[in-house]
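Trainee: Please take me through the surroundings of the ligand. I would like a close look, step by step, and then a short walk outward.

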Amino acid sequence: MLPAIEVKQVCKHYGAVQALDNVDLEIQVGEFFALLGPNGAGKTTLISIIAGLSLANSGSVNVLGHNVISQYRQARQNLGVVPQELVFDPFFTVRESLVIQSGYYGIRKNTHWIDEVIHRLDLTDKADMNMRALSGGMKRRVLVAQALVHKPPVIILDEPTAGVDVELRQTLWDFIKQLNQDGHTIVLTTHYLEEAELLCNRVAMLKAGKIVALDSMENLIRSISTGYSIRLRLLPDTLPAALHTLQTGYHSGFYDLRIKAYAQIESILALLRHEAIQVLEMQLQQPDLEDVFIRTMQNTEHRQI
Ligand code: ATP
């Protein structure tokens with residue numbers, strides 16, 4: 001099967017700034033993919049090139065086998081992009097702007113799908129309102145709707161939840177997850193790493209225009225895992241000597257212990273019980289995507305020096 005997105009040796013510079021430096025990336029059909037990186041890493045530049053809105057200095061990009069320059073129309077038909085910037089025409093209502101957007105893709109009778117998109121994004125009572133009268137979060141919902149009017153098999157969302165409330169996030173993710181289950185490929189950029197961790201199966205991390213990590217979510221998190229840490233608040237506030245070898249710290253009444261496997265928890269609790277020490281609170285912490293992100297960005301800094 002053809003990859004959903006194929007980026008080959010793409011370079012892009014703006015004057016002296018190397019926004020993308022020889023990027024190679026293949027995203028398969030059906031993936032829920034996270035494209036992560038700090039501000040200025042090159043995510044939006046890469047998305048603009050995939051969408052055919054910006055030209056690479058070298059390299060090539062295909063969407064479902066269609067080159068984004070020489071086969072622009074076919075590539076664009078297969079792609080829906082939710083841009084980061086709120087751009088819209090203030091003179092139309094929500095529904096009108098979706099009908100016009102359908103027209104750009106040559107779709108005349110789209111009422112059924114437009115109604116569904118409006119409903120799924122909770123825009124029904126705003127459908128006949130003028131775009132300029134909508135709040136920022138509502139406008140973002142319309143941007144998502146606009147990207148989906150032609151039911152594109154590949155959907156890219158560039159920070160779709162920046163500055164939007166919890167309710168929209170939930171509504172939006174439910175809808176996007178459903179589209180992914182129906183076979184749509186989803187590419188997401190976000191600074192909310194916990195969102196990416198919950199939703200995405202595979203991750204690329206960009207830094208200064210280069211891909212510095214590319215793997216499944218599971219492998220990336222496992223790669224930095226050195227076990228788990230448990231935090232215990234005890235009564236009396238004392239840690240039995242037998243547990244001192246596991247202790248990594250003591251902060252604000254909590255003992256931090258490092259363990260290698262869940263099975264160790266049982267013996268720790270048994271030991272505390274034996275010593276008549278009561279557990280007042282217990283927290284278990286596992287490494288997450290944020291730890292991977294911080295570690296990756298720090299490590300690549302050292303490598304570049
Ligand atoms: P953010 O998380 O802040 O959205 P990003 O990863 O999307 O960042 P880009 O917007 O792709 O990053 O920017 C990559 C680099 O290219 C930055 O150094 C940026 O200043 C530069 N850049 C982007 N667009 C232009 C432009 N039109 N002209 C000049 N420089 C640009």
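Mentor: Start at N39. One of its polar side-chain atoms lies 2.9 Å from an oxygen atom of the ligand. Keep in mind that this is a predicted model. Now look at T44. A polar side-chain atom of T44 lies 2.7 Å from an oxygen atom of the ligand. Q84 also takes part: a polar side-chain atom there lies 3.2 Å from a ligand oxygen. How much of the ligand does the protein bury? Taken alone, the ligand exposes 640 Å², and the protein buries 61% of that.

Next, the shell. There are 14 residues around the ligand. N39, G40, K43, T44 and T45 come nearest. Which elements supply at least two residues each? They are β2 (17–27) and α1. The largest share, three residues, comes from α1.

Stay in α1 and pick T45. This residue is one of those that come nearest to the ligand. T45 belongs to helix α1, which covers residues 43–50. Is T45 buried or exposed? Its relative accessibility is 13%, so T45 counts as buried, because buried means under 20%. Which residues does T45 touch, leaving aside neighbours within four places in sequence? Its contacts are K12, Y14, A19 and L20.

Those contacts point us to the strands. K12 and Y14 fall in the range of β1 (residues 5–14). A19 and L20 fall in the range of β2 (17–27). Both strands belong to an open sheet of four, in the order β2-β1-β4-β5, with antiparallel pairing. β2 and β5 stand at the edges. Each has a single partner strand, so one side of each is left without a neighbour in the sheet.

Follow the sheet across from β1. Five bridges join β1 to β4 (residues 58–63), and the two run antiparallel. Two pairs show this. I5 stands opposite V63 in β4. E6 has N62 as its bridge partner in β4. N62 also faces the other way along the sheet order: it stands opposite N67 in β5. Two bridges join β4 to β5 (residues 66–67), again antiparallel. The two strands form a hairpin with two residues between them. In that turn, L64 has a positive phi of about 45 degrees.

One last stop, away from the sheet: helix α6. This helix spans residues 166–181, so count 16 residues. From first C-alpha to last, α6 reaches 22 Å, close to the 22 Å expected at 1.5 Å a residue. At its start, a side-chain oxygen of D165 reaches to within 3.2 Å of the backbone nitrogen of E167. Its buried residues include L168, W173, F175 and I176. What do the buried residues of α6 pack against? Their partners are β3 (32–36), α4 (111–120), α5 (136–148), β7 (154–158), β8 (185–189) and α7 (193–199). After the helix comes G183, whose phi is positive, near 110 degrees.

Note on methods: Residues are numbered from 1 along each chain as its sequence is written. This is a predicted model: local features need pLDDT of at least 70, side-chain atom pairs count only at pLDDT 80 or more; totals for chains, interfaces and linings use all residues. Side-chain values use heavy atoms; hydrogens and water are left out. The expected span of a helix is 1.5 Å times one less than its number of residues. Buried means under 20% relative accessible area, exposed over 50%, partly exposed in between (1.4 Å probe, protein chains only). Contact means heavy atoms within 4.5 Å. A polar contact is a pair of N or O atoms within 3.5 Å; within protein, one must be able to donate a hydrogen and the other to accept it, and residues adjacent in sequence count only if both atoms are side-chain atoms. Two strands pair if DSSP finds at least two bridges between them. A residue is near a molecule or strand if one of its heavy atoms lies within 4 Å of it. Accessible areas come from the Shrake-Rupley method with a 1.4 Å probe; for residues, only the protein chains shown count as cover.
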